[in-house]
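Student: Could you take me closely through one part of this model, the place where its two domains meet? I would like a careful, connected account.

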Amino acid sequence: MTVAAAVDLLLSARRPVVFTGAGMSAESGVPTFRDDLTGLWARYDAERLATPEAFHADPDLVWGWYEWRRSRALQALPNAGHHSVAALAARIPATTVVTQNVDDLHERAGSTAVLHLHGSLFAPRCIGTPPHPAVFPDADEPEEGRRLAPPRCVSCGALVRPGVVWFGEQLPEDALSAAVEAAANCDVLLTVGTSGVVYPAAEIPRIAARSGATVIQVNPDPTPLDAVSTLNLRGTAATILPQLVPA
Ligand code: BJW
């Protein structure tokens with residue numbers, strides 16, 4: 001299948017799904033999850049920091065890391081790929097956008113009702129029972145990052161934690177079931193910038209493929225999702241997506 005055929009397929013889709021991972025925001029300057037860490041975090045491994053165990057063992061380290069990432073995400077701007085995703089949904093209102101990203105760049109490009117499978121950097125919550133949202137102050141982050149004690153919940157005094165989904169935690173039930181349903185009922189699924197190795201999110205394109213949808217993948221590198229993709233477009237989100245959704 002050629003890129004031109006992919007454009008026709010995508011723009012004539014009745015219920016497209018766009019499924020995105022960290023590569024979607026890479027050209028906005030947000031490092032991918034599996035890029036080497038920098039600054040104060042250079043000697044740590046992201047997979048080990050993104051766990052409830054790490055937060056309980058060293059809350060200042062983990063909260064500091066998330067505050068550093070939140071400040072980087074705040075400074076970033078949506079790239080041409082995010083704008084193309086929003087443009088697709090403007091052309092085909094039945095489009096569903098499912099993201100594993102914890103930034104808000106899809107929303108800032110104009111996408112609405114984005115399904116966030118792994119939570120958000122901007123929705124901290126208290127670790128008390130039952131979990132409840134928490135207000136937290138804006139930190140003035142140094143370039144290299146810093147250890148930082150998490151704030152305490154004003155209503156119950158428990159620690160505030162990042163509102164993201166860590167390894168071993170349940171994904172938000174509503175977002176996951178809506179994403180599974182959209183994948184099972186879509187005719188085209190566009191997967192962008194994900195390594196496709198973190199479950200259950202990595203099932204989303206596989207569900208679409210099993211249900212008979214055409215899967216188009218955009219990624220500069222091979223991934224395990226190559227096997228379920230009808231078309232593998234080797235390139236970056238900001239260069240390929242504007243070709244798929246011409247202005
Ligand atoms: C570009 C680009 C450019 C670069 N343009 N592309 C089945 C099998 C095996 C294991 C499991 C399984 N089911 C569950 C598990 C365990 C685990 C898991 O999947 N582990 C695997 C690593 C082996 N899953 C879980 O623990 C999940 N929970 C769960 O299953 O709970 C079950 C449960 C049941 C009952 C009770 C309790 C629990 C939770 C997973 C949560 C993942 N969270 C993270 C962190 C979020 C917060 C944070 O950001 O800190 O989510 S991990 C991390 O990976 C993050 C990402 O969303 C996610 C996916 O990463 P992504 O987006 O694919 O990024 P990268 O960096 O991996 O890849 C970037 C890609 O972009 C690359 O391919 C590049 O080539 C490409 N690229 N530049 C386009 N410009």
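Tutor: In this predicted model, the C-alpha centres of domain 1 and domain 2 lie 27 Å apart, and the contact between them takes 12 residues from domain 1 and 11 residues from domain 2. To see which parts of the chain are involved, note that domain 1 is assembled from the segments 1-29, 78-118 and 170-247, while domain 2 is made of 31-75 together with 121-164.

Turning to the surface that is covered, domain 1 and domain 2 bury about 770 Å² between them, and 57% of that area is on carbon and sulfur atoms. On the side of domain 1 that touches domain 2, the residues divide by class into five nonpolar, four polar and three charged. Although charged residues are present on that side of domain 1, zero salt bridges are found across the interface of the two domains, when a salt bridge is taken as a side-chain nitrogen of Lys or Arg within 4 Å of a carboxyl oxygen of Asp or Glu. Polar contact does occur there, however, with two residue pairs found across the interface, both at pLDDT 80 or more.

It also helps to look at strands whose residue numbers fall in the segments of domain 1. Strand β1, residues 17-20, pairs in the parallel sense with strand β2, residues 96-99, over four bridges, and within this pairing Thr20 stands opposite Thr99 of β2. Strand β2 is also joined by two bridges to strand β3, residues 115-116, and these two run parallel as well, with Val98 standing opposite Leu115 in β3.

Terms used. Residues numbered from 1 in each chain as written. Predicted model: local features only at pLDDT ≥ 70, side-chain atom pairs only at ≥ 80, totals over all residues. Heavy atoms only, no water. Pairing = 2+ DSSP bridges. Domains from an automatic or database assignment. Contact = heavy atoms within 4.5 Å. Buried area = accessible area lost by both parts, 1.4 Å probe. Polar contact = N/O pair within 3.5 Å; in protein donor to acceptor, adjacent residues only side chain to side chain. Nonpolar A, V, L, I, M, F, W, Y, C, P; charged D, E, K, R; others polar.
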